[in-house]
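Open the model in your viewer and keep the sequence panel beside it. This tour goes from one selection to the next and says what is there.

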Amino acid sequence: RHVAYFEYEKANRRKFNQYFKFSFVRNPWDRLVSTFFYLKRGGMVDMDKHWAEQNLAAFDDFESFVHNWVTKKNVWSWVHFVPQHQCICDDKLNVKMDFVGRMECIQSDFSHVAEKIDSPAQLVRTNVGSHDNYRDYYNAETKKIVADVYEKDIALFGYQFDSGR
């Protein structure tokens, strides 16, 4: 589940302050391609499938989706599109995590987290997409649309279009 930090803080402030908190972020351009194809395949639960049928069926390709659906307003309509900072930053855009890892270097960042919390956990790959590299889906105009919509994530986490896998 995608849960914002403040839900944990509200549930138990003492534990929230005491525990090691971490999250992972992803290059917004890469994330959007991945999310589009993930939901077009039906997502993971019935709610994803239903939402995709209602909202993505009209888009045969990624470019038309970006041109006709991706707006600052629309991305708030489904959890998989909400800007990442919303879950891990406060209203002043202060990161509330002790560590923010990146999908682009998930193995090393996951190892850091496992070491920090003294866990023998190993990273297991699941839900691997079958689409092409995200860069192949963009042109100058669609890159700009995504940059405008996800500008806070891009600035906060230091992303550039080519800073993905």
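Select F36 first: with a relative accessibility of 1%, F36 counts as buried, because the cut-off for buried is under 20%. Bear in mind throughout that this is a predicted model.

Now add F37 to the selection. F37 has a relative accessible area of 22%, so it is partly exposed. How far apart are the ring centres of F36 and F37, and at what angle are their planes? The centres are 5.1 Å apart and the planes stand at 80 degrees; planes over 60 degrees apart count as edge-to-face, so this pair is edge-to-face.

Go on to F59 and F65. These two rings also form an edge-to-face aromatic pair, with 5.8 Å from centre to centre and 70 degrees between the planes. Both F59 and F65 are buried. If you want to look for further examples, a search of the whole structure finds 21 aromatic pairs.

Next come rings with a charge over them. Select F16 and K21: the charged end of K21 sits over the ring of F16, at 4.8 Å from the ring centre. Then select Y159 and R102. Here R102 lies over the face of Y159, 4.5 Å from the centre of the ring.

Keep R102 on screen and add D109, which is part of helix 7, residues 106-116. Is D109 buried or exposed? D109 is buried, and it has no salt bridge. The nearest side chain of opposite charge belongs to R102, 6.0 Å away. A salt bridge needs a side-chain nitrogen of Lys or Arg within 4 Å of a carboxyl oxygen of Asp or Glu. To see the surroundings of D109, show F24, F99, G101 and R102: these are its contacts once neighbours within four places in sequence are left aside.

Finally, clear the selection and show the whole protein chain as a cartoon. You should find 9 helices and 2 strands. Followed along the sequence, their order is α-α-β-α-α-α-α-β-α-α-α. The radius of gyration is 17 Å, close to the 15 Å that the globule rule gives for 165 residues, so the chain is as compact as a globular protein of that length. Along the principal axes, the C-alpha atoms fill a box of roughly 45 × 35 × 30 Å.

Colour by burial if your viewer allows it: buried residues make up 39% of the 165 residues. Of the contacts with a separation of 6 or more, 74% join residues 24 or more positions apart.

Key. Residues numbered from 1 in each chain as written. Heavy atoms only, no water. Phe/Tyr/Trp six-rings, centres within 6.5 Å; stacked < 30°, edge-to-face > 60°. Buried < 20%, exposed > 50% of the residue type's maximum accessible area, 1.4 Å probe, protein only. Lys NZ or Arg CZ within 6 Å of the ring centre and 35° of its normal. Helix = DSSP H or I, 4+ residues; strand = E, 2+ residues; numbered from the N terminus. Lys, Arg positive; Asp, Glu negative; His and termini not counted. Contact = heavy atoms within 4.5 Å. Rg over C-alpha atoms; globule rule 2.2 N^0.38 Å.
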